[in-house]
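This report describes one protein model together with its bound ligand. Please keep the sequence and the structure in view while reading.

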Amino acid sequence: MAYVPVPYALPRRTEAEMLEAAAGLLARMRTRRSCRAFSDEPVPRELIECLVAAAHTSPSGANRQPWQFVAVDDLAIKHEIRVAAEAEERESYARRMPPAWLAALEPLGTDAHKPFLDVAPWLVIIFQRTWEYADSGERTPNYYPVESVGLAAGMFLTACHLAGLATLTHTPSPMKFLREILRRPENEKPYLLIPVGYPARDCMVPQIDKKPLRDVLQWNR
Ligand code: IYR
């Protein structure tokens, strides 16, 4: 396909406006937490649609957009996902995760019990399309699918938070059952399961800290 250039111009802001916007965004992002106790209060479908559309603006390798979002609010499907996820998680906590991993999770207070998969009004499952089917029926690869889907997932989490919704990045492992339950094709690999909703009234989160910025940001060399 040919290169078709179109003009690109961002509305120009003053430095003061940009600093104010950046500081405001930082303050809002600092209030984001992973949520494991959701309210069952419904969230409108059009809100989820808008947030997925925001994530879908993400850049991707060769603009292949190698993501598939599946939004589930059907109680029976959510329950099927919970049953399958808890079966994997029970095995992981009991046998698959080595002691060092279990110790690393201790401050998060997690276990194999995942009631949020029934309770959260929406489960948004992101699949990574590792390849596409060409018209000839042959497989054509996508480029940087892991990175691309990670970018879209991050944008989705940010969009949800800024809209006022809580999320969790849940990865019941292995996640193959999601493809079967949600009837997705074999070129799609489950990437992330994201419950979306409001925190439960009595929601508690672990007390954790982020590293100081100087530990994660180097200026020049
Ligand atoms: N998937 C498990 C274990 C787990 C793993 C990591 I890495 C976490 O940051 C949190 C949990 C679970 O969801 O409990």
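A polar contact is a pair of N or O atoms within 3.5 Å; within protein, one atom must be able to donate a hydrogen and the other to accept it, and residues adjacent in sequence count only if both atoms are side-chain atoms. By this criterion, a nitrogen atom of the ligand lies 3.4 Å from a polar backbone atom of Thr-171. Oxygen atoms of the ligand also approach N or O atoms in two side chains, those of Glu-89 and Lys-114. The table lists these distances.

| Ligand atom | Protein partner | Distance |
|---|---|---|
| Oxygen | Glu-89, N or O of side chain | 2.9 Å |
| Oxygen | Lys-114, N or O of side chain | 2.5 Å |
| Nitrogen | Thr-171, polar backbone atom | 3.4 Å |

Taken alone, the ligand exposes 380 Å², and the protein buries 71% of that; accessible areas come from the Shrake-Rupley method with a 1.4 Å probe.

The model is predicted: local features need pLDDT of at least 70 and side-chain atom pairs pLDDT 80 or more, whereas totals for chains, interfaces and linings use all residues. Residues are numbered from 1 along each chain as its sequence is written, and side-chain values use heavy atoms, without hydrogens or water.

**The ligand shell**

The residues around the ligand (a heavy atom within 4 Å) are Arg-36, Glu-89, Tyr-93, Trp-101, Leu-105, Leu-108, Thr-110, Asp-111, Lys-114, His-170 and Thr-171. Four of these are nonpolar, three polar and four charged; in this scheme Ala, Val, Leu, Ile, Met, Phe, Trp, Tyr, Cys and Pro count as nonpolar, Asp, Glu, Lys and Arg as charged, and the others, Gly among them, as polar. Helix H3 (75-96) and helix H4 (99-105) each supply at least two residues of this shell.

**The fold**

The protein has eight helices and six strands, which are DSSP runs numbered from the N terminus (helices H or I, at least four residues; strands E, at least two). Along its principal axes, the C-alpha trace spans about 55 × 50 × 40 Å.

Four strands form an open antiparallel sheet in the order S1-S2-S6-S5, where two strands pair if DSSP finds at least two bridges between them. Strand S1 (67-72) and strand S5 (166-167) stand at the edges with a single partner strand each, so one side of each has no neighbour in the sheet. Two bridges join S5 to the antiparallel strand S6 (residues 188-197), and Ala-166 stands opposite Gly-197 in S6.

**Unusual backbone geometry**

Most residues other than glycine have a negative phi, and most peptide bonds are trans. Ala-62, in the loop between helix H2 (45-55) and S1, has a positive phi of about 50 degrees although it is not a glycine. A cis peptide bond joins Ser-173 and Pro-174, with omega about -5 degrees; Pro-174 lies in the loop between S5 and helix H7 (176-181).
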